[in-house]
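Biologist: I'm new to this model and would like a close look at one part of it, with the surroundings filled in as you go. Could you keep it informal and spell out your terms?

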Amino acid sequence: MFSVASSRIRLAEADTVTVSNDDDSPRVLVCGAASGAGLACAEAFAEAGAELILCDCDGVELTRAADQLGAFSCFCDAAAERSIDIFAEDIGRLFPSVDVLINAAGRGYVRALTMMRMSRAILPLLRRGSGYRLIANIAPAGGFASRDSIFPYAGSFASFARLSDALVEQCRGTEIDVACITPRILRAPNATSRWSDQLYRLDRVDQRDAAERILAMFAAERADWKQRPPLRDRRA
């Protein structure tokens with residue numbers, strides 16, 4: 001499921017989009033970029049020619065990803081509020097603004113926690129930008145069982161979606177959109193008992209598909225951004 005909650009006010013005349021980068025490339029900050037959905041998003045935006053800021057608590061894999069993608073990287077433990085504050089302060093000194101924030105750090109309830117903390121810390125940088133900007137929140141993979149989390153509701157998709165909705169209110173009146181990406185809930189093919197705990201299953205978020213959807217959503221609203229052609233086309 002790919003849902004978008006919009007906080008923007010559409011103006012009668014389109015705003016002139018100005019990007020601080022010399023080559024008009026958007027600046028994309030990916031939280032949880034060392035692996036999983038975060039890395040997939042970083043790869044997709046890098047291939048399209050965006051400027052990347054990557055952060056993660058896994059320093060080794062973060063460095064590897066940054067070297068591979070030619071990106072700026074900085075360690076950040078998104079589960080620690082002080083670490084996020086220090087990271088946001090450092091990024092604010094180095095970069096004038098951010099165009100896209102992708103929240104993909106942590107598992108279970110930690111993902112919801114890091115999503116709110118990181119978004120709150122980076123919102124000032126998003127507000128410094130101009131034109132269409134985007135916060136993309138990717139829900140963690142998981143299930144319904146209480147054993148999946150010590151705080152079942154806090155780790156639920158309902159909680160994650162409601163926190164994303166709260167971000168919409170903070171962005172209302174700006175050109176910042178909030179997208180919430182969660183797995184679909186499907187009927188389990190082998191469910192036979194009405195009391196079975198397998199009546200439903202989760203269709204996991206496909207990492208590359210989620211990355212391409214986020215990229216396409218942003219690119220559709222930033223028509224001035226001249227993306228690089230796909231790698232296979234550049235090789236032809």
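Biologist: Let's start with A66: in which helix does it lie?

Modeller: A66 lies in helix α2. A quick word before we go on: this is a predicted model, where local features need pLDDT of at least 70 and side-chain atom pairs count only at pLDDT 80 or more, while totals for chains, interfaces and linings use all residues. Residues are numbered from 1 along each chain as its sequence is written, and side-chain values use heavy atoms, with hydrogens and water left out.

When I say helix or strand, I mean a DSSP run (H or I over at least four residues for helices, E over at least two for strands), numbered from the N terminus. By that count the protein has 7 helices and 9 strands.

Back to A66, which is buried, with a relative accessibility of 5%. Buried means under 20% relative accessible area, exposed is over 50%, and partly exposed is in between, using a 1.4 Å probe and protein chains only. Across the protein, buried residues make up 45% of the 236 residues. Once neighbours within four places in sequence are set aside, A66 is in contact (heavy atoms within 4.5 Å) with L54, A71 and S73. A66 and A42 sit 24 residues apart in sequence, and their C-alpha atoms are 9.2 Å apart. Links across the sequence show up in the totals too: of the contacts between residues at least 6 apart in sequence, 69% join residues at least 24 apart.

L54, one of A66's partners, also leads us into the interior. A nonpolar core here is a set of buried Ala, Val, Leu, Ile, Met, Phe, Trp, Tyr and Cys residues joined through side-chain atoms within 4.5 Å. The largest such core holds 38 residues, and F45, L52, L54, I102 and I214 have the most contacts inside it. Helix α2 (59–69) is among the elements giving two or more residues to this core, alongside β2 (27–31), α1 (36–48), β3 (51–56), β5 (100–103), β6 (133–138), β7 and α6 (207–221). α1 supplies the largest share, with 9 residues. Another core lies apart from this one, with 32 residues that include L29, A78, I84 and C180.

I102 is worth a stop. Beyond its neighbours within four places in sequence, I102 is in contact with V28, L29, V30, C31, C41, F45, A136, I138 and I214.

Now for how the helices pack. Two packed helices are described by the angle between their axes and the distance between the axes. The axes are lines fitted to C-alpha atoms, for helices over the stretch in contact, and angles run from 0 to 180 degrees between N-to-C directions. α1 and α6 meet at an angle of about 45°, with axes 8 Å apart. They are therefore oblique to each other; angles under 35 degrees count as roughly parallel, over 145 as roughly antiparallel, 65 to 115 as roughly perpendicular, and the rest as oblique. The crossing of α1 and α6 is right-handed, where right-handed means that the near helix is turned clockwise from the far one by less than a right angle, and left-handed means anticlockwise. The residues making this contact include A40, C41 and F45 of α1 and A211, I214 and L215 of α6.

A second pair is α3 (residues 81–94) and α4 (residues 109–128), at an angle of about 15° and with axes 9 Å apart. That makes α3 roughly parallel to α4. This crossing is right-handed as well, and its contact residues include E81, I84 and F87 of α3 and R117, M118 and A121 of α4.

T114 gives a close-up of α4, the helix where it is found. T114 is buried at 4% relative accessibility. Leaving out neighbours within four places in sequence, T114 is in contact with A78, A79, N103, A105 and S119. Its side chain also reaches the backbone oxygen of R111 at 3.0 Å. That is a polar contact: a pair of N or O atoms within 3.5 Å, where, within protein, one must be able to donate a hydrogen and the other to accept it, and residues adjacent in sequence count only if both atoms are side-chain atoms.
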